[in-house]
Amino acid sequence: MSDFNEEQVSNNYFAEQTEDKWIIAAEKLEIFKDPIELVREDLVGKQFLTFEDAEFFIHQYSNMIGFSLRKGKVKRQFGGAIKYRQWVCSKEGHRELKWIKNLNRKREPRAITRVGCKFLFRVSLRKQDGKWYCKEFRSTHSHPLVIAGHRQFIRSNRIIPDGMLMDATCMKSAGIKTCQIFSYMAELVGGYGKLSFLPKDLYNRVAKNEPVHLKNADAARAIGYF
């Protein structure tokens, strides 16, 4: 029964947070329709004051609809500043045939995750006023969407805040187990259901940062000295 209650808390908390953020993002564009009903005419030409506003909007839209975003094509100005960005569904495109028809496999192929989804959201910077405008929006999906109770587990939603990751890395270098770090962080935010990531995400990020810290360890410095 306790596991069920924890799952309900997780679902309700994420749903409330998502809806509140969507209302904020939609009101800035004076959009008052249900997100599932949005079509191209509702968004093309809409103005965003900053690139971050556009990114925030499309992330909240994907959370409300139930799909994972992936960054698509980008164009940059001289100096590296973005002047054009598009986002697509994580199921956009298809796996290359050379990987499907490979006969010399040593491992089982990964599951097919790209099914040619046509969703697209594109914004570009207008030099005259320095603001961002939506240039293209396609809401079509060629696959089932994630149900409301599972949207917190979508890959693009599972983000470890920088502060938490820094704390986890320091705690790991002090010898604390990753599972204990995860439990500690859950207590800090008020429960496992209020964390924005899974144990697997924390394991992966901490393991990725470990080689960096090993380079600066005493043993590594001693080996370098000799």
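The following questions and answers concern the sheet, an aromatic pair and a pocket of a predicted model.

In this predicted model, local features need pLDDT of at least 70 and side-chain atom pairs count only at pLDDT 80 or more, while totals for chains, interfaces and linings use all residues. Residues are numbered from 1 along each chain as its sequence is written, and side-chain values use heavy atoms, with hydrogens and water left out.

Me: In what order do the 5 strands of the open sheet lie?
Reply: Strands are DSSP runs (E, at least two residues; helices are H or I, at least four), numbered from the N terminus. Two strands pair if DSSP finds at least two bridges between them. The pairing is antiparallel, and the order is β1-β5-β4-β3-β2.

Me: Which residue in β5 does Ser124 stand opposite?
Reply: Strand β4 (residues 120-126) and strand β5 (residues 131-138) pair in the antiparallel sense over 7 bridges. Opposite Ser124 stands Tyr133.

Me: Why is the pair of Tyr61 and Phe119 stacked or not stacked?
Reply: Rings of Phe, Tyr and Trp (its six-membered ring) pair if their centres lie within 6.5 Å; planes under 30 degrees apart count as stacked, over 60 as edge-to-face and the rest as tilted. The structure holds 16 aromatic pairs. For Tyr61 and Phe119 the centres are 6.0 Å apart and the planes are at 15°, so the pair is stacked.

Me: Which helix gives the largest share of the lining of the second largest pocket?
Reply: A pocket is an open set of points on a 1 Å grid over the protein atoms alone, where a 1.4 Å probe fits, with protein on both sides within 12 Å along at least five of seven lines; lining residues have an atom within 4 Å of a point. Among the lining residues are Asp201, Asn204 and Arg205. The largest share, 3 residues, comes from helix α7.
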